[in-house]
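Subject: Model for your review

Hello,

Here is the structure I said I would pass on. Please have a look at it before reading my notes underneath.

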Amino acid sequence: MPARFQIGDHLPQLVEKIIDSYNSDPRTRHINRAYMPSRSEIIEIIHLLLELAFPGFFGRQNLNQHNVNFHVGEMLPKIGEKLYEQIYQELCYQQENGNGRKNQNQQGQSSCEEKARQITLEFLERIPDIRKLLATDVQAAYDGDPAARNTDEVILAYPGVLAVSIYRFAHELHKMNVPLVARIMTEWAHTATGVDIHPGATIGSHFFIDHATGVVVGETTDIGDYVKLYQGVTLGAMSFPKDERGRLIRGYKRHPTVENNVTIYANATVLGGETKLGEGSVVNGSVFLTAGIPANATVSMKAPELKVRKRRTRETNKQTKAENY
Amino acid sequence: MPARFQIGDHLPQLVEKIIDSYNSDPRTRHINRAYMPSRSEIIEIIHLLLELAFPGFFGRQNLNQHNVNFHVGEMLPKIGEKLYEQIYQELCYQQENGNGRKNQNQQGQSSCEEKARQITLEFLERIPDIRKLLATDVQAAYDGDPAARNTDEVILAYPGVLAVSIYRFAHELHKMNVPLVARIMTEWAHTATGVDIHPGATIGSHFFIDHATGVVVGETTDIGDYVKLYQGVTLGAMSFPKDERGRLIRGYKRHPTVENNVTIYANATVLGGETKLGEGSVVNGSVFLTAGIPANATVSMKAPELKVRKRRTRETNKQTKAENY
Amino acid sequence: MPARFQIGDHLPQLVEKIIDSYNSDPRTRHINRAYMPSRSEIIEIIHLLLELAFPGFFGRQNLNQHNVNFHVGEMLPKIGEKLYEQIYQELCYQQENGNGRKNQNQQGQSSCEEKARQITLEFLERIPDIRKLLATDVQAAYDGDPAARNTDEVILAYPGVLAVSIYRFAHELHKMNVPLVARIMTEWAHTATGVDIHPGATIGSHFFIDHATGVVVGETTDIGDYVKLYQGVTLGAMSFPKDERGRLIRGYKRHPTVENNVTIYANATVLGGETKLGEGSVVNGSVFLTAGIPANATVSMKAPELKVRKRRTRETNKQTKAENY
């Protein structure tokens with residue numbers, strides 16, 4: 001074993017340099033500010049919500065009709081307390097930022113408390129409705145993938161279902177004015193699955209992302225019911241207009257509208273706030289689309305022009321005729 | 001600190017609503033059913049298998065010829081017990097689902113026990129053979145990537161090697177009729193790496209996925225020896241035929257066949273169960289392919305037609321000639 | 001509960017087979033060798049570095065001007081010790097490999113100790129400069145994404161910022177001759193985010209990857225200031241020349257050069273060590289590029305040729321005219 005590292009008399013000046021570095025730029029420090037949601041707490045909440053939403057699949061097993069309501073009776077206050085704390089942090093954080101004051105007054109704090117309580121309760125009330133949507137997503141995954149054996153497998157193993165479930169919880173919080181907590185949730189799902197759904201997007205029932213990875217669904221995307229995406233699909237923005245001071249304009253519709261029963265195959269890119277994919281339309285693989293298509297249309301790349309070159313093999317040196325393709 | 005959230009007298013009705021929600025849809029609950037593999041246990045098993053497969057690289061360090069067989073003698077029973085439990089759960093789960101009965105009879109349970117024991121032992125017996133294949137994958141990664149300094153770096157750091165290693169374990173379990181445990185394994189690898197290899201795919205020796213992310217290898221893909229994939233490659237299905245009742249037909253060959261010594265470059269998409277890439281063929285980057293190519297052929301996009309537009313810069317306003325490209 | 005699995009008298013022969021398997025191939029074992037960096041320790045170091053770099057955002061909250069220097073004074077020695085141990089391991093590991101001896105001599109070990117001490121201290125000294133660069137990346141993310149509400153959200157939630165931050169730490173270690181520790185860091189970021197930046201790449205200030213997933217930045221890439229990438233972008237190599245013995249040539253420039261103020265949109269692929277994207281140039285979505293473009297040029301795919309086919313709907317059977325697109 002090596003001798004342990006002794007930072008020794010270097011410590012005071014190293015600390016000083018780091019503190020100077022903190023003092024020199026407000027953007028990368030969060031010091032002398034009272035409020036901030038906690039990423040690690042929010043990740044815990046995600047796991048508790050998944051356990052509550054899909055009982056017996058994640059977390060505690062062996063639930064039955066005798067123990068299940070004790071289990072729910074234990075989980076709900078736990079989720080409520082943790083969620084309340086994060087919502088409270090974000091509301092006070094919003095207030096602190098808005099007021100630009102270091103010490104918010106008592107009024108402000110108690111108003112965060114009251115609002116956080118309301119939002120937490122309302123969120124818990126909505127869980128049964130969220131679960132209804134989740135059941136449609138689970139069914140859509142089973143109906144859409146010949147490799148799925150049953151809906152249990154879909155819940156236990158499909159990252160697309162995981163990402164969409166977390167999005168559905170986050171979307172409710174986003175609507176209830178807790179956008180940072182919501183975003184931390186979906187971005188955790190993004191790192192866990194490679195699926196980046198902004199919590200501001202609206203998505204109908206029966207939504208399925210197969211082989212979920214590399215998928216982007218932008219903030220102002222509108223998606224109908226029974227929509228199916230494959231890996232690598234982007235529903236994105238085209239370009240970002242700036243104001244007269246050269247800053248991005250934020251908050252306008254800049255991502256596509258996707259109507260009911262649309263399918264978008266692997267690695268297709270659909271861009272722009274004016275772009276509408278009509279009901280029942282199909283976007284084939286690798287298509288790059290910046291304008292809408294009508295209902296029931298199928299859009300494909302023109303017969304992909306490919307060049308095939310035949311190499312002579314060292315061993316045989318014989319010529320082989322290209323097959324028909 | 002804010003006052004703690006008190007769910008108070010809202011609790012009984014909130015619990016009731018959640019329980020009603022559980023009762024209303026069987027798909028998203030797993031209640032009153034005795035068996036189900038555990039995702040978190042399976043993730044632990046993955047880590048133990050990686051430690052056993054690559055001794056000294058993951059988990060315990062400082063192994064030497066004196067302590068290594070005590071280490072293996074400790075790990076094997078641990079892996080065996082954990083794996084047995086999950087295999088047992090899946091076998092009984094299959095039986096429970098198949099029988100449609102809530103309480104399986106004693107016969108059923110003891111038959112799960114016996115089969116689970118056999119499968120567990122057989123799996124443990126196969127580990128040396130799996131390790132032989134893993135050594136070929138490690139070598140292929142080193143031989144295929146100029147950025148790799150040595151095979152140690154490949155084992156410690158390459159997500160492609162991680163995903164393929166987990167696939168190799170899962171594939172054995174898939175063949176031994178434990179498909180759900182196998183799928184949970186590969187889907188964990190999928191979320192960890194962005195590489196989605198179905199445990200049903202068959203893959204020869206010396207398999208390497210470089211910059212592994214966004215890769216899909218479907219359930220019925222056949223891959224030979226010495227095959228190399230890059231990021232974003234899909235080996236997928238073309239379309240899903242349905243039966244007369246409008247349900248997907250499952251279980252037929254719908255993904256490509258890739259012969260020995262094939263290389264498929266970044267973001268290429270190869271689709272269809274009839275599609276065969278002949279021995280030694282090369283699919284270049286971003287190619288979209290729905291038909292086979294002969295042995296030793298190279299397929300590329302036709303000289304990509306690009307439009308280059310030159311902007312005047314605000315500062316200089318001078319015209320620059322486009323370079324040769 | 002099932003009877004527990006008893007490996008029983010199978011154990012000795014199973015252990016023997018595994019040990020035989022270890023003995024038969026040196027590539028997949030790390031036994032009888034003294035040194036090796038630890039992946040799990042390095043992951044802990046990453047989290048500590050992020051906490052130090054973005055105080056109040058990750059890890060400990062509620063920092064203020066009174067407690068912050070005690071906090072830093074506690075963190076620095078902890079990071080120093082852990083980092084020292086890993087650097088020491090890698091340096092001795094390099095020596096052990098280079099010498100081909102099993103037991104390095106005392107001289108070798110104490111020289112690792114001394115060098116590891118120097119590198120650790122120098123790395124800690126550089127943290128303020130790394131933090132300056134990180135602040136530019138955070139600003140670039142805010143300036144580049146209309147969905148970002150403020151820079152706090154960018155730090156807390158953007159995987160692109162996470163991946164680039166880890167790359168910036170790893171790049172310093174890479175330059176200080178600890179490439180394996182550096183690579184394990186960036187590959188952890190790769191699995192966490194789907195962004196694969198080799199620690200050897202050089203990247204200027206104000207670097208932003210939006211919707212970060214499926215991105216590859218190769219080892220010898222040179223990137224200027226104010227560069228913006230989107231999801232699915234590859235800055236890769238074109239082909240790998242081999243030496244006369246058929247082995248890859250390693251270490252030459254094989255990835256693109258990207259000058260200041262370049263933007264590369266989603267899923268574009270840019271390949272080759274000779275390929276230079278001139279200052280202020282733009283590569284549009286899905287472009288496949290193997291040659292350079294001049295300053296201020298914009299390169300796009302030629303108006304993507306798409307085929308639109310209209311299906312008759314079962315319900316109405318009416319013909320709809322294709323919209324204008």
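Accessible areas here come from the Shrake-Rupley method with a 1.4 Å probe. On that basis, chain A of this predicted model has an accessible surface of about 13,000 Å², and carbon and sulfur atoms make up 48% of that surface. As for burial, 62% of the 325 residues of chain A count as buried.

Fold and dimensions. Seven helices and 15 strands are found in chain A. Its radius of gyration is 25 Å, whereas the globule rule gives 20 Å for 325 residues; chain A is therefore more spread out than a compact globule. Along the principal axes, the C-alpha atoms of chain A fill a box of roughly 80 × 60 × 60 Å. Among the contacts in chain A with a separation of 6 or more, 48% are between residues 24 or more positions apart.

Charge. Chain A carries 37 positive and 37 negative side chains. The centres of these two sets are 9 Å apart.

Arrangement of the copies. A turn of 120 degrees, with a shift of 0.0 Å along the axis, lays chain A on chain B with an RMSD of 0.0 Å. The two copies are thus related as by a three-fold rotation axis. Which residue of chain A comes closest to the rotation axis? That residue is A:Gly214, with its C-alpha at 3.4 Å. The copies meet through different surfaces, because only 4% of the interface residues of chain A are also interface residues in chain B.

Regards

Technical notes
Residues are numbered from 1 along each chain as its sequence is written. Chains are lettered from A and ligands numbered from 1 in the order in which they are written. This is a predicted model: local features need pLDDT of at least 70, side-chain atom pairs count only at pLDDT 80 or more; totals for chains, interfaces and linings use all residues. Side-chain values use heavy atoms; hydrogens and water are left out. Helices (H or I, at least four residues) and strands (E, at least two) are DSSP runs, numbered from the N terminus. The radius of gyration is taken over C-alpha atoms; the globule rule is 2.2 Å times the number of residues to the power 0.38. Buried means under 20% relative accessible area, exposed over 50%, partly exposed in between (1.4 Å probe, protein chains only). Contact means heavy atoms within 4.5 Å. Lys and Arg count as positive and Asp and Glu as negative; His and the chain ends are not counted. The place of a charge is taken as NZ of Lys, CZ of Arg, CG of Asp or CD of Glu. Copies are superposed by least squares on the C-alpha atoms of residues with pLDDT of at least 70 in both.
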